[in-house]
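Colleague: I am new to this structure and would like a close look at a single part of it. Could you pick one stretch, walk me through its surroundings, and then show me what else is worth finding?

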Amino acid sequence: AARNGNGNTISEQLVNSTSDPVDVPYTVVISYQGCTTTSTVNLTVFPEPQLSSDLLVEVCSGELFNYTPTSDTQNTSFQWTLGSLPAGVTHTGNTTGTNNIQGVFEHNYSNFVEIPFSIISSANNCEGTAQNLTVRILPEVSLTNVATATLCCGESVNFTPEFIPYYDNATFNWSRQLVPGISNMAGAGVGAITEILENTTTISQTVTYQYSIQTEGGCTDQGSFSIIVAPRPVLTNAADNPTAICSGEDVNHTLESNLPGTTFNWTRTLPDGVSSQNNPTNYQAIDNAMINEVLINNNNTTSNVTYQVTLSNGSACDDPVVNIVVPVYPSASISSVNALSICSGEAIDYTITSNIPAQFSWQRLSNPNVNSGGISNGNSDNINEVLTNTSSITQTVYYEVVSTDSVNGCVAATAT
């Protein structure tokens with residue numbers, strides 16, 4: 001506002017509210033003995049320099065803090081002083097200085113910590129009022145959980161990264177290189193790791209994951225962790241595919257694994273109509289174990305016996321139960337009558353039948369009182385011959401019949 005006054009002294013306080021120098025003109029009227037003279041005096045009023053840069057800044061714990069103070073007033077210089085540090089905060093760098101501020105602050109708190117600086121701005125020989133700069137030191141970002149150290153082949157990594165609550169929204173990026181012995185191709189992703197690793201070798205393999213963490217506030221961390229993928233014992237192709245047997249034969253099946261030192265445990269429940277001569281219900285052996293038992297199939301069709309085999313290895317992982325199936329073919333059983341009577345000189349004319357389609361071979365055993373003690377044989381389902389009894393008493397003639405399964409070729413025990 002304009003002002004005026006009398007006398008040879010101009011005394012007033014001028015405040016420049018801009019950021020640039022302002023010229024204030026004074027019109028001076030000098031009077032002496034009736035004579036007057038008018039002149040103009042220009043007074044330059046410099047502004048009080050103030051900071052135009054942010055007075056609240058953030059930096060991550062452990063990262064370089066670099067602050068460049070600025071002012072809208074040209075040619076401003078700055079003097080700064082670091083305030084008192086809270087307990088648990090360390091600082092590397094100067095505590096006082098001019099112009100740029102640099103340093104590193106570190107702390108282990110789970111939330112941010114604020115650090116004060118006092119800055120005085122100076123320009124045109126004018127010194128501004130001290131202003132406070134607040135530096136917010138954000139907490140370090142890092143994983144607060146770890147991945148499972150060892151997995152079995154075929155298991156999922158299932159790693160969900162966790163951080164301190166302040167960084168709930170942090171971004172987790174990961175990558176994994178191709179590893180010899182691991183069938184998975186190289187992989188990468190964001191967030192949880194939920195992939196299944198397959199170890200195709202007989203020894204443990206180490207898989208390394210590289211990761212980086214990025215927060216919304218710009219704090220970062222990176223690192224790596226390793227997971228050991230142990231091999232899993234599995235049956236060899238031959239052990240996984242047993243051979244079918246005929247009723248009355250021994251299973252005689254060898255259990256083999258891809259890993260030495262594997263222990264085999266097996267159990268089985270026999271289906272209806274199938275029995276075992278020695279009837280073991282469970283079994284355990286190490287390396288090249290055998291399933292040894294004689295199975296009897298009393299049914300008229302093939303019966304499957306399922307063995308539940310569990311593989312375990314002290315240096316690897318247990319395998320889930322593996323089912324192997326042993327087909328047991330039926331045995332031909334004579335179903336026609338096993339005794340009949342004829343008169344001497346008559347033909348026997350006997351047709352052999354069985355419970356399943358079969359082929360037959362037969363032989364008549366020697367009886368000295370029948371057909372002069374001679375023997376006879378044949379390869380058909382019909383026995384047709386004349387028997388003559390040369391004695392005075394009834395004689396018994398025995399025939400031995402061998403049945404062979406027409407489909408599977410199983411030979412039954414000789415029937416008489």
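Modeller: Happy to! Let's begin where strand 4, residues 64-67, meets strand 8: the two run antiparallel and are joined by four bridges. Keep in mind as you look that this is a predicted model. Within that pairing, Phe 65 sits opposite Gly 103 of strand 8. Strand 8 also pairs with strand 6, residues 90-92, again antiparallel, through three bridges. Here Thr 92 has Val 104 as its bridge partner in strand 8.

Now look at strand 8 itself, which spans residues 101-106. Ile 101, Gly 103 and Phe 105 make up its covered face, while Gln 102, Val 104 and Glu 106 lie on the uncovered one. So the two bridge partners can be placed: Gly 103, opposite Phe 65, belongs to the covered face, and Val 104, the partner of Thr 92, to the uncovered face.

Once you have that part in view, turn to the largest nonpolar core, which has 26 residues. Phe 172, Tyr 209 and Phe 225 are the members that touch the most others in it. Strand 13 (171-176), strand 15 (205-214) and strand 16 (220-230) each give this core at least two residues, and strand 15 supplies the largest share, with four. Leaving aside residues up to four places away in sequence, Phe 172 has contacts that include Leu 143, Phe 159, Tyr 211 and Phe 225. There is also a second, separate core of 20 residues, with Ala 239, Leu 255, Val 274 and Val 326 among them.

Terms used:
Residues numbered from 1 in each chain as written. Predicted model: local features only at pLDDT ≥ 70, side-chain atom pairs only at ≥ 80, totals over all residues. Heavy atoms only, no water. Buried < 20%, exposed > 50% of the residue type's maximum accessible area, 1.4 Å probe, protein only. Pairing = 2+ DSSP bridges. Core = buried A, V, L, I, M, F, W, Y, C linked by side-chain atoms within 4.5 Å. Contact = heavy atoms within 4.5 Å.
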